[in-house]
Structures are given as C-alpha cells and as structure tokens.
Amino acid sequence: ACHVVLHSTRDVQKPDRFMSLGQARDSLARAARLLVHSVADLNQLKSFGLVDNVALFPHGAKLPVNPPSAAAAGAAPLTIACFGYLLPHKGLQPLIEAFIRLRTRHPELRLRLLNAVYPVPESQHEADACRALIARHPEAASGIELVTDYLAEEEVLARLAAADLVILPYQYTQESASGAV
C-alpha cells in the first residue's frame, strides 16, 4: 500500500510553468492514504475530487525527557530560540536584526539558532549571510549561538526546552505546515 504525506497542496505558479496536484489527481486517487497537515489542504484535495483516501495528520512534537527545572530556568538569562532548516524564507536574518535591536536595551538576552544547513546552495548562502550579519554587530554577537549542523533529536529538544521563547519567523512559503514546529 502506498501512503503519501503532502506538506503542501497549493498550486505553484512559476514564470515558465504552472503545477498543481490536480494534474496528478488520478495517481493520487490510487494511493491508499493521502496525509495532509491542515484543513485547508483537506479542502484543496477535495476540490480535486480526492476525499475517500485523504486524512488529516497534524504535526506533533515530543516533550523532552528531562525538561529544565523552574529554578534552573530562573537563573539563566532570557533565551530566544529558533529551529529548522536554514533557508531564506525561514526569516533568520530579520530575527537576527530584531535581536540585535533588542540586545541594545537588554544585554542579557541570548539567541539560540538551531538551523541546519539544507543541501542546496541557497541554504549555504543564507548561512553565510547570517554569519556576516552577526559579524557586523560584535556588540550582540556574544549573545548569539548559530548552530548549522544537524543535531540529534534529543539534543534539539533539550536545547529548545531550555529556551524561554521559540520563534519561527517564517516569511512567504507555500508549505501548509512546518516540520520544525
């Protein structure tokens, strides 16, 4: 049996072509199950006549095994975290810029960026641009941790759980849901 997980069902209009899952309707109808992450995606597939094999499959998140204690959290500086692949539409540069402005008034703030480089040139360019932006602001750089390597799931969960706030500053995307969430 073939199960298909669709992270986006929206049509894509590029200058040189139009792409729609409606064009693959017959093939998608043969799948045992189409899993989508939002009601909007359910409705999009319904508009193509795909109903019987479609199911809502919301993204979930594991809780950390050992969440930080309230006492330990109170002793640490306020930490803002971000997670996900390092791609231009993820909004890391605007987040870094906002943090730099906040840090001038709140020097105790910390920014933890857990954003792995994705294996496409745009991701490496974005990582380089983020590093350059941080380097241009040495007064804030000491409060910014940029991790571009893949980390084990347990380590990511622990580092995110230790933050006071997690921000996913997405810009425009055609995705219906984020695996980072």
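Let me start with the outward side of helix H4, where the face turned away from the buried side carries the exposed residues Arg101, Thr104 and Arg105. Please keep in mind throughout that what we are looking at is a predicted model.

Turning to the other side of the same helix, the buried residues of H4 are Leu92, Leu95, Ile96, Phe99, Ile100 and Arg103. Seen down the axis of H4, these buried residues fall within an arc of 140 degrees, so they line one face of the helix. The spacing fits a general rule: an α-helix has 3.6 residues a turn, so residues three or four places apart point the same way. As for the length of H4, its 14 residues should span 20 Å at 1.5 Å a residue, and the C-alpha atoms at its ends are 21 Å apart, which agrees.

What covers the buried residues of H4? The cover includes strands S6, S7 and S8, together with helix H5 and helix H6, the latter at residues 138-141.

That brings me to the interior, where the largest nonpolar core has 18 residues, and where Ile96, Phe99, Leu111, Leu113 and Ile144 touch the most other members. The elements that give two or more residues to this core are strand S6 at 79-83, helix H4 at 92-105, strand S7 at 110-114 and helix H5 at 121-135, and it is H4 that gives the most, with five residues. If we take Phe99 as an example and leave aside residues up to four places away in sequence, Phe99 touches Ile80, Leu109, Arg110, Leu111, Ala140, Gly143 and Ile144. Apart from this core lies another one, of nine residues, among them Leu6, Leu28, Leu34 and Leu45.

Now to the sheet, which is open and is formed by four strands in the order S8-S7-S6-S9, with parallel pairing. Its edge strands, each pairing on one side only, are S8 at residues 144-147 and S9 at residues 165-166. Between S6 and S9 the parallel pairing runs over two bridges, and the bridge partner of Ile80 in S9 is Leu165.

Helix H4 packs on this sheet, touching S6, S7 and S8, and the direction of H4 makes about 165 degrees with that of S7. Helix H7, at residues 153-161, also packs on the sheet, where it touches S6, S7, S8 and S9, and the direction of H7 makes about 160 degrees with that of S7.

Definitions and conventions:
Residues are numbered from 1 along each chain as its sequence is written. This is a predicted model: local features need pLDDT of at least 70, side-chain atom pairs count only at pLDDT 80 or more; totals for chains, interfaces and linings use all residues. Side-chain values use heavy atoms; hydrogens and water are left out. A nonpolar core is a set of buried Ala, Val, Leu, Ile, Met, Phe, Trp, Tyr and Cys residues joined through side-chain atoms within 4.5 Å. Buried means under 20% relative accessible area, exposed over 50%, partly exposed in between (1.4 Å probe, protein chains only). Contact means heavy atoms within 4.5 Å. Two strands pair if DSSP finds at least two bridges between them. Axes are lines fitted to C-alpha atoms, for helices over the stretch in contact, and angles run from 0 to 180 degrees between N-to-C directions. The expected span of a helix is 1.5 Å times one less than its number of residues. The arc is that of the directions from the helix axis to the C-beta atoms.
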